[in-house]
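Here is a short guided walk through one protein model, written to be read with the structure open beside it. Please keep the view at hand as you go.

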Amino acid sequence: QIRTRHPRARDSASCGKKGHEMAQDRDLELAFELTKTSEAARRSIAHAYADVGIDFTDIRILYRLFVFDGQSQSQLAAILELDPMTMSRCASRLESLALVRREIAATDSRVKRLFLTQKAHSLKETLRPRSAKVIDSLLGGLSDEHLEELLVCVDRLCGNLGTLGPTPATKDPTDKRGRSSD
């Protein structure tokens with residue numbers, strides 16, 4: 001059943017002080033468990049790629065470039081919710097590993113676009129099974145129905161925090177509506 005109202009929004013007469021405190025404790029425990037799960041998934045992914053010399057953020061950047069190659073650093077930073085300095089450091093690291101190359105945009109010399117190198121394209125096929133193994137481990141035991149419900153719940157949680165929009169994998173980075181002019 002979908003919870004439409006937060007327990008703290010309920011009338012105190014209907015759940016009482018103890019019930020209200022229990023709901024708060026449960027909500028806090030859930031928030032901790034979500035954070036713990038996210039951190040564990042991040043560690044598992046980083047471990048799976050450690051021998052390549054890339055970290056979790058680098059992996060996220062590469063996967064976005066596999067979908068839409070040639071995005072600007074600022075587009076990637078916005079999609080991945082990274083600050084510009086972190087994005088710049090990651091781009092430099094990926095460039096030093098010969099996984100991306102930076103090009104100045106023809107329309108604006110301030111804009112740097114990232115393109116995957118042949119080495120990165122070759123690496124893609126070795127990254128895919130590693131990702132699948134981590135994802136299978138994370139989602140093991142969940143039915144397709146549970147996964148669909150989980151996706152709906154995660155989208156709702158993000159929406160509750162005000163960060164929900166089109167999922168980055170489906171966003172067209174060339175669509176400039178509501179974006180800075182990259």
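A good place to begin is Leu34, which is partly exposed, with a relative accessible area of 43%. This leucine sits in helix α1, which covers residues 12-48. Together with Leu30 and Leu157, Leu34 forms a nonpolar patch on the surface, and the accessible area of the three comes to about 260 Å². Please bear in mind throughout that this is a predicted model.

**The overall picture**

Stepping back, the protein has six helices and two strands. Read from the N terminus, the order of the elements is α-α-α-α-β-β-α-α. The protein has 182 residues, and 26% of them count as buried. Its accessible surface is about 12,400 Å², with 57% of that belonging to carbon and sulfur atoms. If you take the contacts between residues at least 6 apart in sequence, 52% join residues at least 24 apart.

**A covered helix**

Which helix is mostly covered? That is α3, residues 73-80, where six of the eight residues are buried. The buried residues are Gln73, Gln75, Leu76, Ala77, Ile79 and Leu80. As for their neighbours, these residues pack against two helices and two strands: α2 (56-67), α4 (84-96), β1 (100-104) and β2 (112-116).

**Two loop residues with positive phi**

Just after α3 comes Glu81, whose phi is positive, near 55°. Glu81 has this positive phi although it is not a glycine. The residue belongs to the loop between α3 and α4, and at 60% relative accessibility it counts as exposed.

Ala98 is another non-glycine residue with a positive phi, in this case about 60°. You will find Ala98 in the loop between α4 and β1. With a relative accessible area of 37%, Ala98 is partly exposed.

**Salt bridges**

How many salt bridges does the structure hold? The count is nine, and the table sets out three of them, with the closest N to O distance for each.

| Acidic residue | Basic residue | N to O distance |
|---|---|---|
| Glu33 | Lys36 | 3.3 Å |
| Asp55 | Arg93 | 3.0 Å |
| Glu95 | Arg102 | 3.2 Å |

Let us take these pairs in turn. Glu33 and Lys36 are both in helix α1, three residues apart, which is about one turn of the helix. Glu33 is partly exposed at 31% relative accessible area, and Lys36 is likewise partly exposed, at 48%.

The side chains of Asp55 and Arg93 meet in a salt bridge of 3.0 Å, N to O. This pair links distant parts of the chain, since Asp55 is in the loop between α1 and α2 while Arg93 is in helix α4, 38 residues apart. Asp55 counts as partly exposed at 31% relative accessibility, and Arg93 is partly exposed with a relative accessible area of 30%.

In the remaining pair of the table, Glu95 forms a salt bridge with Arg102, with the closest N and O atoms 3.2 Å apart. Elsewhere, salt bridges that share partners join Asp55, Asp58 and Arg93 into one network.

**Around Glu95**

Glu95 is worth another look. This residue lies in helix α4 and, at 35% relative accessibility, counts as partly exposed. Leaving aside residues up to four places away in sequence, Glu95 touches Val100, Arg101 and Arg102. Its salt-bridge partner Arg102 is partly exposed too, at 21% relative accessibility. Glu95 and Leu114 are 19 residues apart along the chain, and their C-alpha atoms are separated by 9.1 Å.

**A negative patch**

Which residues form a negative surface patch? They are Asp144, Glu145, Glu148 and Glu149. One of them, Glu148, has its place in helix α6, which spans residues 144-160. Is Glu148 buried or exposed? At 52% relative accessibility, Glu148 counts as exposed, because the cut-off is over 50%.

**Back to the start**

To close the tour, return to the nonpolar patch of Leu30, Leu34 and Leu157 and compare it by eye with the negative patch that includes Glu148. Then turn to α3, where you can pick out buried residues including Leu76 and Ile79.

Conventions. Residues are numbered from 1 along each chain as its sequence is written. This is a predicted model: local features need pLDDT of at least 70, side-chain atom pairs count only at pLDDT 80 or more; totals for chains, interfaces and linings use all residues. Side-chain values use heavy atoms; hydrogens and water are left out. Helices (H or I, at least four residues) and strands (E, at least two) are DSSP runs, numbered from the N terminus. Buried means under 20% relative accessible area, exposed over 50%, partly exposed in between (1.4 Å probe, protein chains only). Contact means heavy atoms within 4.5 Å. Accessible areas come from the Shrake-Rupley method with a 1.4 Å probe; for residues, only the protein chains shown count as cover. Patches are made of residues with over 30% relative accessible area and no salt bridge: like charges are joined within 9 Å, nonpolar side chains (Val, Leu, Ile, Met, Phe, Trp, Tyr) within 5 Å. A salt bridge is a side-chain nitrogen of Lys or Arg within 4 Å of a carboxyl oxygen of Asp or Glu. Lys and Arg count as positive and Asp and Glu as negative; His and the chain ends are not counted. The place of a charge is taken as NZ of Lys, CZ of Arg, CG of Asp or CD of Glu.
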